[in-house]
Amino acid sequence: NISPYGNRVYARFPFLIKEITMKYCIVLIVIFASTLQTQAQLENNNWKFGLFGTTCTFLPTFTIRPFDHKQQYFEQCITLSDPVHSRLMFYGGAEFGSNKWTVNLYEPNQRKLNHKILYGDNSSAQGLIIVPYPRHCNKFLIVSILAANVTYNNFNNDKGKIKFNIIDYSLVRYPEKQSLLEPVNELCLADNFTEGLAATIHSNKQDYWIIACTDGANAGWYAIPITDNGIECHKSIFSSDKRYRPDVMNNISISPNSKYIENNKNLYVFDNSNGSIKHILAIDTVKTKDGKSLKSSNMHKNLNCSEFSSNSKYLYYTIYYMDNNPLTQGYNIVQIDIEKAQRGEPSAILLKYPFNKEVRNYSISLAPDSSIYFISGFDNLRFIMNRIKNPNLEGEQSLLEHKLMLIDTNQVKKEERINLTVKGVQFPNFSHHVFDPNYKRIPTL
């Protein structure tokens with residue numbers, strides 16, 4: 001057959017093939033990039049509770065499974081999973097010993113990864129955190145802090161410092177290597193650092209920030225940049241506000257969009273392009289639907305741990321019930337609409353379960369499935385993990401689910417229950433960059 005266009009179609013045929021091929025390639029690249037974006041959040045998909053021999057996995061569905069390696073971790077722990085396949089890579093924390101606290105890392109097969117004790121102790125609420133090493137997909141930084149306010153005499157010469165370790169997971173294929181950590185316990189900064197330690201991503205979507213705070217005459221915030229050159233302490237940004245000082249014992253929470261920081265019932269705005277931190281809201285001034293502030297009812301004193309919703313719109317607090325405040329009886333969670341609170345509008349909503357008055361609410365954390373999980377305790381022996389299933393929705397639409405997992409410390413030796421009555425069960429400490437919807441670190445593990 002002869003084309004009415006002569007030989008022009010046949011002459012353009014190679015170009016048509018090339019054009020079609022390019023279009024398919026573009027589609028595949030978009031699909032691949034979208035897949036990576038989802039998979040990247042699997043880095044924290046496995047939460048390990050070493051003491052109770054339990055692992056929680058969140059994606060593709062929430063599951064609880066037993067794990068036979070029981071280690072005692074107090075106040076802080078870390079885990080890391082393969083961002084592509086969600087395989088648990090390692091976990092660790094401060095373990096209880098006969099005369100000291102040691103920080104160790106373990107592989108899923110229970111092989112100890114480090115042959116040196118990592119810097120840190122059990123008394124720093126956020127003593128450890130894992131941050132990706134920029135532009136090195138097999139490397140991670142394990143950052144440690146030993147709070148200046150700890151009371152153990154054997155730590156007196158080493159308190160108030162931040163140190164780091166580099167773990168190169170590509171070396172796991174070489175069993176002759178005695179340790180995947182190099183260097184070990186390298187000094188980052190020495191100051192009067194407190195118990196809070198957090199991290200998030202830089203605005204360039206490649207580098208990261210470590211966030212910590214100091215106490216004393218020089219109380220304030222440090223934002224420490226992490227680039228492909230490592231932790232660049234000499235470029236740290238210090239911010240201070242004498243009216244709203246960071247608290248020595250409270251955790252630091254960062255919103256997934258890296259815009260907000262919460263500490264000591266105060267809200268700060270964080271600029272992740274230059275590292276500056278500025279106070280914007282005292283939580284005790286936030287109003288409930290009746291127009292009364294949390295401070296006027298003394299309710300602010302019962303607020304315990306904090307977490308942000310995945311869309312960064314809401315700030316949640318667990319309520320640590322106190323017998324002298326009947327207003328909080330039966331309530332477990334406070335939800336605050338951040339933008340409304342900044343405008344002075346009623347923005348705090350109390351959420352509750354039909355718990356008895358003996359309940360205490362402890363740790364709270366956002367998970368890869370975009371739900372928020374928190375721990376409640378009864379009679380200082382039994383702990384329950386609960387869930388806010390849809391924390392991006394307002395009020396009761398967020399749907400509180402009760403008793404996903406029961407942790408009964410009656411099954412634990414008496415000498416191993418130390419601190420459980422104070423802090424409950426701690427969740428692993430993650431850099432919140434993993435919740436950023438724009439996070440696109442390409443995994444190669």
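I began at strand S16, which two bridges join to strand S17 (residues 260-263); the two run antiparallel. I then looked up serine 253 and found glutamate 262 in S17 as its bridge partner. I note here that the model is predicted.

Next I traced the sheet around this pair. I read four strands in the order S16-S17-S18-S19, forming an open sheet with antiparallel pairing. Why is one side of S16 (253-254) and of S19 (277-282) left without a neighbour in the sheet? Both stand at the edges with a single partner strand each, so no neighbour sits on the other side.

I moved on to another sheet. I found an open sheet of four strands, ordered S20-S21-S22-S23, and the pairing is antiparallel. I marked S20 (303-308) and S23 (348-352) as the edge strands, since each pairs on one side only. I logged the twist at an average of 25 degrees from one strand to the next.

Inside this sheet I checked one pairing. I counted five bridges between S21 (residues 314-319) and S22 (residues 331-337), in the antiparallel sense. I looked across from leucine 315 and found isoleucine 336 in S22 standing opposite.

Last, I turned to a single residue. I placed serine 144 in strand S8 (residues 139-146). Is serine 144 buried or exposed? I entered serine 144 as buried, because its relative accessibility is 0% and the cut-off for buried is under 20%. I then listed its contacts, leaving aside neighbours within four places in sequence. Serine 144 is in contact with Tyr119, Gly127, Leu128, Lys161, Ile162, Lys163, Asn165 and Leu197.

Definitions and conventions. Residues are numbered from 1 along each chain as its sequence is written. This is a predicted model: local features need pLDDT of at least 70, side-chain atom pairs count only at pLDDT 80 or more; totals for chains, interfaces and linings use all residues. Side-chain values use heavy atoms; hydrogens and water are left out. Two strands pair if DSSP finds at least two bridges between them. Axes are lines fitted to C-alpha atoms, for helices over the stretch in contact, and angles run from 0 to 180 degrees between N-to-C directions. Buried means under 20% relative accessible area, exposed over 50%, partly exposed in between (1.4 Å probe, protein chains only). Contact means heavy atoms within 4.5 Å.
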